[in-house]
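Grab your viewer and a pencil: here are a few short exercises on one protein model. Each has a task, then a solution you can follow step by step.

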Amino acid sequence: MKKILVPIDFSKTSEYACKMAEKIAAKTKATVYLIHLIELPKGITDMGSGSKFSIPESMLYLRKVREKVLEFKENFFSKDTHVKYFIKLNNPFEGIQKYAYKIDTDLIIMGSKGHSELEEMLIGSNTEKVVRNSKRPVIVVKKDSKKFKLKNLVFASNFKEENKEVFGKFVDFSKIFNSNIHLLKINTPANFQSTSEAKQKIKDFISDYNLPKHKINVYSDVSVEKGILNFSKDVNADLIALSTHGRSGLAHLFTGSVIKNLTKNALKPMLTIKV
């Protein structure tokens with residue numbers, strides 16, 4: 001892991017994302033790229049003549065933004081961490097995708113709110129769009145973790161063949177932190193599989209990998225999202241990992257409503273990797 005992209009909007013959750021990025025960068029020696037995206041109102045294409053913005057006002061605003069970005073850099077990153085920053089005029093979703101590709105980032109770390117329907121409409125939608133469409137792994141952070149660690153990682157999946165590439169990336173991530181891996185298959189009344197059959201499926205799935213410390217878990221609950229949340233609470237998970245599908249949210253095992261409920265209710269950081 002060499003490059004970490006952290007979109008910031010100067011909110012509390014941006015602070016949490018920066019703290020996590022600092023912890024991971026300290027472990028991996030990665031460069032952190034902070035990006036602040038300024039979205040102009042519709043119909044405004046520039047800040048020059050003919051717009052509602054004067055050039056002096058625009059320059060003052062950009063100077064203030066730069067000061068805040070540098071403040072984030074100073075407050076949340078050690079002098080040993082290499083931090084670069086961008087301030088760009090762009091739609092947040094498009095800008096994150098564009099610059100993730102431009103710098104060829106290995107990981108995106110984003111803060112997310114979304115506690116209410118209104119917050120979800122105003123803020124959460126961009127995070128959800130990035131999670132659904134990003135070709136790069138994304139970690140979503142919702143709260144401050146003063147004693148942040150990655151000791152217990154949950155990988156929730158249907159353990160089908162198409163998820164093997166994703167799982168390989170997850171294993172590489174877990175080895176960096178010498179983590180305990182909890183492999184999780186959720187049983188629901190509508191989609192039930194015997195414990196022995198489910199465990200054998202997981203064993204077959206992981207047979208090609210030299211896994212570090214791990215446990216196989218089949219957990220029953222009324223829904224997939226509740227099962228993931230309840231199991232993660234039971235094992236005191238530090239992070240929940242999922243595989244995503246660009247067209248319809250989380251692939252096969254997970255529907256669009258499941259990812260929405262998880263991003264809204266899971267206080268633990270979530271790592272998503274696209275199939």
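**Exercise 1. Which residues of H1 are buried, and how does the length of H1 compare with the expected span?**

Step 1. The buried residues of H1 are Thr13, Ser14, Glu15, Tyr16, Ala17, Cys18, Met20, Ala21, Glu22, Ile24, Ala25 and Thr28. Here buried means under 20% relative accessible area, exposed means over 50%, and partly exposed is in between, with a 1.4 Å probe and protein chains only. Helices (H or I, at least four residues) and strands (E, at least two) are DSSP runs, numbered from the N terminus.

Step 2. Count them up: twelve of the 17 residues of H1 are buried, so to speak of H1 as mostly covered is fair.

Step 3. Now the length. From first C-alpha to last, H1 reaches 25 Å, close to the 24 Å expected at 1.5 Å a residue. The expected span is 1.5 Å times one less than the number of residues.

Before going on, a word on the setup: this is a predicted model, local features need pLDDT of at least 70, side-chain atom pairs count only at pLDDT 80 or more, and totals for chains, interfaces and linings use all residues. Residues are numbered from 1 along each chain as its sequence is written, and side-chain values use heavy atoms, with hydrogens and water left out.

**Exercise 2. Look at both ends of H1: what do phenylalanine 10, serine 11 and lysine 29 do there?**

Step 1. Phenylalanine 10 lies in the loop between E1 and H1. Its phi is positive, about 70°, although it is not a glycine. With a relative accessible area of 18%, phenylalanine 10 is buried.

Step 2. Serine 11 is in the loop between strand E1 (3-7) and helix H1 (12-28). Serine 11 counts as buried at 10% relative accessibility. Its side chain makes a polar contact of 2.6 Å with that of aspartate 9. (A polar contact is a pair of N or O atoms within 3.5 Å; within protein, one must be able to donate a hydrogen and the other to accept it, and residues adjacent in sequence count only if both atoms are side-chain atoms.)

Step 3. Just after H1, lysine 29 takes a positive phi of about 65°. Lysine 29 sits in the loop between H1 and strand E2 (31-38), and it is exposed, with a relative accessible area of 71%.

**Exercise 3. Which residues of H3 are buried, and where do they fall around the axis?**

Step 1. Check the span. The twelve residues of helix H3 (residues 92-103) should span 16 Å at 1.5 Å a residue, and the end C-alpha atoms are 16 Å apart, which agrees.

Step 2. List the buried residues of H3: Pro92, Phe93, Gly95, Ile96, Tyr99, Ala100 and Ile103.

Step 3. Seen down the axis of H3, these buried residues fall within an arc of 165°, so they line one face of the helix. The arc is that of the directions from the helix axis to the C-beta atoms. An α-helix has 3.6 residues a turn, so residues three or four places apart point the same way.

Step 4. Flip to the face turned away from the buried side of H3: it carries the exposed residues Tyr101 and Lys102.

Step 5. Finish with the ends. Asparagine 91 caps the N-terminal end of H3, with a side-chain oxygen 3.0 Å from the backbone nitrogen of phenylalanine 93. Just after H3, aspartate 104 has a positive phi of about 55°.

**Exercise 4. Do the same for H7: which residues are buried, and which residue caps the N-terminal end?**

Step 1. In helix H7 (residues 224-234), the buried residues are Val224, Glu225, Gly227, Ile228, Phe231 and Ser232.

Step 2. They cover an arc of only 160° around the axis, which puts them on the same side of H7.

Step 3. The face of H7 turned away from its buried side carries the exposed Lys233 and Asp234.

Step 4. The cap is serine 223: a side-chain oxygen lies 3.2 Å from the backbone nitrogen of lysine 226. Just after H7, asparagine 236 takes a positive phi of about 55°.
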